Amino acid sequence: MIKKTPNTLEFLAKNLTETERFGKVLARHLNPGDVVFLNGNLGAGKSILARATIRSVLDQPKLNVPSPTFLLALPYENEQWKILHADLYRIKNPEEIDELGLFEDTQTLVIIEWPEKAKTLLPHPTLNISLNFSSNAKERVLRITSAQGSVTFSSLATDEIFSQRDQLS
Ligand SMILES: Nc1ncnc2c1ncn2[C@@H]1O[C@H](COP(=O)(O)OP(=O)(O)O)[C@@H](O)[C@H]1O
Ligand SMILES: [Mg+2]
């Protein structure tokens, strides 16, 4: 099941492995400086997706990528990439966002879980990804939207996983 419009991609991840596989696909299209929002309830798979994406971007399949729930943001890097993985669930006041310095370096890839906890304080994301529970406990509906004209989104939309013949539109 794939739904495709000029600024929306939607598909069903049938299990954990398919969500992780999408992280690898995403990693092929991300660029330095991209800001990725991960929306969805507790247990939807935001951290699973972030982990798979970070491991793949850095080409370190076994890298330890814990959920940053208590530390709010964790940094990763190699020769080519700088990444910040944030979880704003526990943010209590807006100043905490400033202290995290998420956007100080314009070349850092920033992946943010629970962006809605800091709505107005964040820039517009390059990609907005929501993970939603489906009828089956292992299924998640993943919906990717973007501001018009995002190079990253256009590139992702051309990926072979979104060019299957059974797409809806
Ligand atoms: N299709 C799926 N995609 C992602 N996670 C899944 C899926 N099916 C089951 N799960 C489980 O859901 C949980 C997601 O946890 P996590 O990524 O920490 O959620 P979040 O960060 O959104 O709170 C994990 O225990 C994972 O094994
Ligand atoms: Mg999480």
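This is a short tour of a predicted model, with stops at a ligand and at a group of strands.

**Stop 1: ligand 1.** Select ligand 1 and show what lies around it. You should find 17 residues surrounding ligand 1, and the closest are Thr19, Gly45, Lys46, Ser47 and Ile48. Now colour those neighbours by class: the shell has five nonpolar, seven polar and five charged residues.

**Stop 2: the helices at the ligand.** Next, select residues 16–29, which are α1, and residues 46–58, which are α2. Each of these helices supplies at least two residues of the shell around ligand 1. Which helix gives the most to that shell? It is α2, with three residues.

**Stop 3: strand β8.** Move on to residues 140–145 and switch on their side chains. Which of them are buried? Arg140, Leu142 and Ile144 are, and they point to one face of β8. Val141, Arg143 and Thr145 point to the other face and are not buried. This follows a familiar pattern, because side chains in a regular strand alternate between the two faces of the sheet.

**Stop 4: the partners of β8.** Keep β8 on screen and add β2, residues 8–13. The two strands run antiparallel and are joined by six bridges. To line them up, pick alanine 13, which stands opposite arginine 140 in β8.

Then add β7, residues 127–133, which also runs antiparallel to β8 and is joined to β8 by six bridges. Here, isoleucine 129 stands opposite isoleucine 144 in β8. Finally, trace the chain from β7 into β8: the two form a hairpin, with six residues between them.

How values were computed: Residues numbered from 1 in each chain as written. Chains lettered and ligands numbered in written order. Predicted model: local features only at pLDDT ≥ 70, side-chain atom pairs only at ≥ 80, totals over all residues. Near = placed C-beta within 6 Å. Helix = DSSP H or I, 4+ residues; strand = E, 2+ residues; numbered from the N terminus. Nonpolar A, V, L, I, M, F, W, Y, C, P; charged D, E, K, R; others polar. Buried ≥ 20, exposed ≤ 12 C-beta atoms within 10 Å, placed from the backbone. Pairing = 2+ DSSP bridges.
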